[in-house]
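Let's take a walk through this one together. Have a look at the fold first, and then we'll go strand by strand.

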Amino acid sequence: PDNITGTATKIDVWITGHPNNLINRSFVGESGWKEGLPIATEDWTEIPNGWTRQRWTWTKYTQDNTSINYPLNPRVTETRVGDTVNVKKTAIDYLPVSNGSPVALYGLVKKVDIFDVGLTNVIKSFETDYNLAAAYTDKRIIGLPSETRAWGKNDLTQSLEQVSRVTYVYDGENFTFETNQIPASVARHDTANYGPSFVAGRGNLTSTTRHD
């Protein structure tokens, strides 16, 4: 679709009795690490002006090692959705384990860009930072956002401007202020492992700050 080329296995599904003779067409990866992954879709109708592709989608993937022939954490890096006139493109970047590494840390999304109809200029952008302190990751509490930022295109200046920045704090309070909620006084509470001294590592959101 949209002059995008590649190889895949095509699956056509005819909708019996549909007034416009609808066909749902799917393309899936045919071999290697992309085998079985949904690559593209198309919706075709025959009526009223002959066979016309009404809508299509396309998905681009990567994984931790694209040189091997089996899946290793495949993930989406770009999507496109189009009809007979317009196309929408979205690009996704992931948090790497280190600079330049193709491996995504825990599969976390770092940045999402949305493009204009020309598919070259970004009109919206979103970034996320994460709280990856050992107090959380050691307990498999993964993906807590520590800050989110958003940009939008200013139609007057034709440039991106930051429109939002929000920071998040977790476990920012101990139990000294609520004397009626001391864990030791709760029946059958695991005080040995989750006593009053255990604060950071619970993953409880305690404050949100919106910046100008």
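Start at Gly 32, which sits in the loop between β2 (23-28) and β3; strands here are DSSP runs (E, at least two residues), as helices are (H or I, at least four), numbered from the N terminus. Gly 32 is partly exposed, at a relative accessible area of 31%. That label has fixed limits: buried is under 20% relative accessible area, exposed is over 50%, and partly exposed is in between, using a 1.4 Å probe and protein chains only. Go from Gly 32 to Ala 8 and you cross 24 residues of sequence, while the two C-alpha atoms are 11 Å apart in space.

A quick word on what you're looking at: this is a predicted model, where local features need pLDDT of at least 70 and side-chain atom pairs count only at pLDDT 80 or more, while totals for chains, interfaces and linings use all residues. Residues are numbered from 1 along each chain as its sequence is written, and side-chain values use heavy atoms, with hydrogens and water left out.

Now for the strands on either side of that loop. β2 and β3 pair in the antiparallel sense over 6 bridges, where pairing calls for at least two DSSP bridges between the strands. One of the matches is Arg 25, whose bridge partner in β3 is Glu 42. β2 also pairs with β1, again antiparallel and over 6 bridges, and there Lys 10 stands opposite Phe 27 of β2.

Strand β1 (residues 9-14) is also home to Val 13. Is Val 13 buried or partly exposed? It is partly exposed, with 41% relative accessible area. Together with Ile 11 and Ile 15, Val 13 makes a nonpolar surface patch of about 210 Å². Such patches take residues with over 30% relative accessible area and no salt bridge, joining nonpolar side chains (Val, Leu, Ile, Met, Phe, Trp, Tyr) within 5 Å and like charges within 9 Å; the areas come from the Shrake-Rupley method with a 1.4 Å probe, and for residues only the protein chains shown count as cover. It may help to recall that side chains in a regular strand alternate between the two faces of the sheet.

What about the inside? The largest nonpolar core has 11 residues, among them Phe 27, Trp 33, Ile 39, Trp 56, Trp 58, Tyr 61 and Leu 119. A core of this kind is a set of buried Ala, Val, Leu, Ile, Met, Phe, Trp, Tyr and Cys residues joined through side-chain atoms within 4.5 Å. β3 (38-45) and β4 (52-62) each supply at least two of its residues, and β4 gives the most, with 3. Ile 39 makes a good place to stop: leaving aside residues up to four places away in sequence, it touches Ala 8, Phe 27, Val 28, Gly 29, Thr 57, Trp 58, Thr 59 and Tyr 61, a contact being heavy atoms within 4.5 Å.

Leu 119 takes us further along the chain. Leu 119 lies in the turn of a hairpin formed by β7 and β8, with 6 residues between the strands, and has a positive phi of about 65°. β7 (residues 104-115) and β8 (residues 122-130) pair in the antiparallel sense over 5 bridges. Val 112 has Phe 126 of β8 as its bridge partner, and Phe 126 in turn is matched with Ala 150 in β9. That second pairing, between β8 and β9 (residues 145-154), is antiparallel too and runs over 7 bridges.

Also in β8 is Thr 128, which counts as buried at 18% relative accessibility. Beyond its sequence neighbours up to four places away, Thr 128 touches Val 109, Lys 110, Pro 145, Glu 147 and Thr 148.

Last come the charges. How many salt bridges does a search of the whole structure find? It finds 11, each defined as a side-chain nitrogen of Lys or Arg within 4 Å of a carboxyl oxygen of Asp or Glu. One of them joins Asp 64 and Arg 75 at 2.8 Å, N to O. Asp 64 lies in the loop between β4 and β5 (75-82) and Arg 75 in β5, so the pair ties together parts 11 residues apart in sequence. Both residues, Asp 64 and Arg 75, are buried.

Back among the later strands, Arg 149 and Glu 127 meet in a salt bridge of 2.8 Å, N to O. This one links Arg 149 in β9 with Glu 127 in β8, 22 residues apart, and both are buried. Shared partners join Lys 110, Glu 127, Asp 129, Glu 147, Arg 149 and Arg 165 into one salt-bridge network.
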